[in-house]
Amino acid sequence: MNDYDNIWLHKLKWSYLLLVVLTLMTPVIYVMYISFNANGFGANEYAFTMEWYGLIFSDALLIGALRWTLMLALVVTVIAVPMALLAAKYYKAADNKLFPVFLLLAPLFVPPDILGSALLVFFKNLNFAFIWLGDQVGISLFDSWFRLSFLTATIGLIIYTIPYSFVVILITMGRYRPEQTEAARACGANGWRAFWDIEFPQIQAGVFSACAFTIILVFNEYTRTSLLKGGFDTFTTVLISQMLNTGMSGQSYAMSALVSFIAIAIIGSIIILTMLRTESLSRIARAKADPVTS
Amino acid sequence: MTDPTPPAVEVRNLSKHYGDFVALRDVNVTIAAGEYFVLLGPSGGGKTTLLRTIGGFHKPTKGEILLNGKSVGHLPPDKRPTTMVFQAYALFPHMTVTQNVGYGLKVAGLPKAKIAEKVDYALEQVGLSQFTHRKPHELSGGQQQRVQLARAIVLDRDILLLDEPLAALDAQLRKDMCLELKHLQEKVGITFIHVTHNQEEAMTVADRIALIASGDLVECGNARDIYRAPQKAFTASFVGENNLLRGKVTEANGSSVIVDVAGSKLTVDKRGLAVTDGQEVKLSIRSECVTLDRLNGSDAAADGMSIMGAFDESVYLGLTTSHLVHLPDGTEMVSRVIADSDDSLPDAGASVRLSWKPSDIRLHVN
C-alpha cells in the first residue's frame, strides 16, 4: 500500500481476496469437517470422531483405488513431465513459436468427455486392428495391447497433463538465460552436462511443480479415466460411483480430507520453504552488500 | 623459409545465411597466435555471427574455419580450443565465484586440489581473490565480467572469444576494463578475439582491427592505419570523425587526381587507384585535420587543399570544439580543434575557408 491509497479501498481489496479464497476452499473445508463427524454427512447432530480415519485402511475398495491412482500418477508423471520438459526446451529454441504452442495447448481446449470418447473409440479400433493383424499372422500376442487397461488410461492422462506441465515448466524456463548454456559449452561441457549442471538447477522448481501438478491432476481426473481405465478403479471413480449409487461412506470423506490435508501440507511447505529461503538469501546478500570497489 | 606455426584462426570464404538474410558473405581473415584481434562494426553487421561461428555456436553455410591449422567446422563448442566471455548474464547464478571459475576444470575432470589452485591463481589475475564465496548477484557488473574472464583463462585454451564484454558497463568502468583486458592478454599471451561496436574500446586494446558491416569484412589492419589511413569510405565514415565529400574527377593524370567538390578543385593522392575522368568518387578528411579560417574577400581557395563554405555553429565538447560549416552544395563539414575559447568565432553564415595538409585527404573509389 502506498501513501496515497485509500485505507478503506485497501481493506476492501483484502476482503475481496479473502472472499475468493473462502469460496475456493469452503467445499474442501466442509469435507474435512464432515470427516470428523461420527454421524456422517447430513446428520443433525455433530459428534467429533477420528473413527473414519481409522477405518480407511480396512476399506479394501478405497485402498485398492488409492493404490491404482498412485501408480497411475507415478507412471504418468514419470512420462509426461520429461516430455513436457523437452517440449518446453524445443519451444524456447524454436523460431516460430505459434505453431508448437498451438499444438501443445490444443488438448486443453477439447472438452474432457469429447477427448475421452475420442480416445475410447481410437483405442477400440486400434485394438480391433491389432487383433486382426495377429489373426493374419496367426499369433495372439497383439490381442490385448490396446484393450482398455492401465496403458490406455495412462496414455489418456498423459495427453491431459502434458499441456499443464508444459506451461508450468515454461514459466520457470522464461527466466533462464540461454547464454548460460553457451557459457557452459564454452567451458567444455557437452549438451547434457550443460543442461544438468546449469539449466536444470535453475528450472527445477518448475519441474517439481509440474510433477506435483500432474499428480494432483491424475488424482482429480474422472471423465477420461473412467472411460479409458478398463477393469480397475481410481480414487475419483470410486468416490463418484459411491456418490451416484450409495452415497459416500464416512471413510470416503476421511480419505478425501486426508488427501486434501496432504496436498495442502505439501504445497504449503513448498511455499513456506521458498519464502524462508528467499528471505535468507536476501539477508545474506544485504549483509554482503557492503561497499565494494569495482 | 616458412613459419611452421599455423595461425590461431584462419577463416576461409565464410558465409552464413539465415534464409534469405546474409549475415556473413565470403569472409576471409587470418589471426596470428597471441594476437589481440578486434572485430569492429555497427550493430547487426555480422561481427558477433563471425565470433560465434569461430566458437562453434553457429554452423557456417559455406566456407571453412581452421583453428591452429585444423579444420573445426564439424566440432561443437566444447571440442574446440576456444572459450568465450559473453556480454552479460552468462555467469551461473546458483554457483559461487569459485564454482563458476572452476566449472570448466571440474568438467575436464581435474582433481579438486588442482582445481582450487588454478581457480585461486585465475582469480588473483583478475583481482577478485576476496570475493570467492559470493554469488554472481552479489557482484557489480565489472566484477561479474572479471569472473567471466577468470572462468575463461583458467582453462588454458589457445583462443579467447569476447562478445561485447564491456557493453553492459558504464563508461568509466569500460575504460578501466579495456586496459585491464589488454594487460591480461599480454600476461597470458593467448589469442584474444574481441567484438565491439565501440571504436575507442577497439583502439585501446587491438593489435589489429577488422571492420565488419552488412556481412562483409570491409577492411583489416592495425589500429593506427585503420584510423589514419582508411582504405574504404565506409571505414572513414565509421572510425573517427571523418568528413566525407562526394565529387567528380576532372583530371586523372599522374600520381594525383583533381576532384571537383562543390565547385572547388581539390588535389588528392591517387594511391594507385584506377580512376578515370568524370568518375564519381569520395574523399575523406578527419575533422581534426581540418583548419578553419575566416575568409577576407580576396583570399579565395584555389590551392587544391582547401574549400570554401559558410560557418554554421560551434559545438563545445569539453576537450575539443567542433566547428560546423556547410559547403555550397549543402554538404556539412566539421573542423575539430582543441580549444576552449569561443570569443573569436565567425558569425553564422559568414564565409570561411577549410584547409588541410595534402597527406590528410584520401581518395575512395568504392
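The following paragraphs describe the two largest pockets of a predicted model.

The largest pocket holds about 1200 Å³ of space. Its lining comprises 32 residues, and those nearest the pocket centre are A:Arg175, A:Pro201, A:Gln202, A:Ala205 and A:Arg277. Two helices of chain A, α8 (191–220) and α11 (250–288), and one of chain B, α4 (141–153), each contribute at least two residues to this lining. The greatest contribution to the largest pocket comes from α11(A), which supplies 8 residues. By residue class, the lining of the largest pocket consists of 16 nonpolar, 12 polar and 4 charged residues.

The second largest pocket encloses about 1000 Å³ of space. It is lined by 29 residues, with A:Phe219, A:Asn220, A:Val259, A:Ser260 and A:Ala263 closest to its centre. Two or more lining residues of the second largest pocket are given by each of α1 (7–35), α3 (60–93), α8, α10 (235–245) and α11 of chain A. Here, too, α11(A) gives the most, with 11 residues in the lining of the second largest pocket. At the level of domains, domain 1 (8–59) and domain 2 (60–248) of chain A each provide at least three residues to the lining of the second largest pocket. This lining contains 24 nonpolar and 5 polar residues, and no charged ones.

Helices α8 and α11 of chain A thus appear in the descriptions of both linings. Charged residues number 4 in the lining of the largest pocket, whereas the lining of the second largest pocket has no charged residues.

Methods
Residues are numbered from 1 along each chain as its sequence is written. Chains are lettered from A and ligands numbered from 1 in the order in which they are written. This is a predicted model: local features need pLDDT of at least 70, side-chain atom pairs count only at pLDDT 80 or more; totals for chains, interfaces and linings use all residues. Side-chain values use heavy atoms; hydrogens and water are left out. On a 1 Å grid over the protein atoms alone, a cavity is a set of points where a 1.4 Å probe fits but cannot get out, and a pocket is an open set with protein on both sides within 12 Å along at least five of seven lines; lining residues have an atom within 4 Å of a point. Grid points are joined across faces, edges and corners, and a volume is the space filled by probe spheres set on the points. Helices (H or I, at least four residues) and strands (E, at least two) are DSSP runs, numbered from the N terminus. Ala, Val, Leu, Ile, Met, Phe, Trp, Tyr, Cys and Pro count as nonpolar, Asp, Glu, Lys and Arg as charged, and the others, Gly among them, as polar. Domain bounds come from an automatic or database domain assignment.
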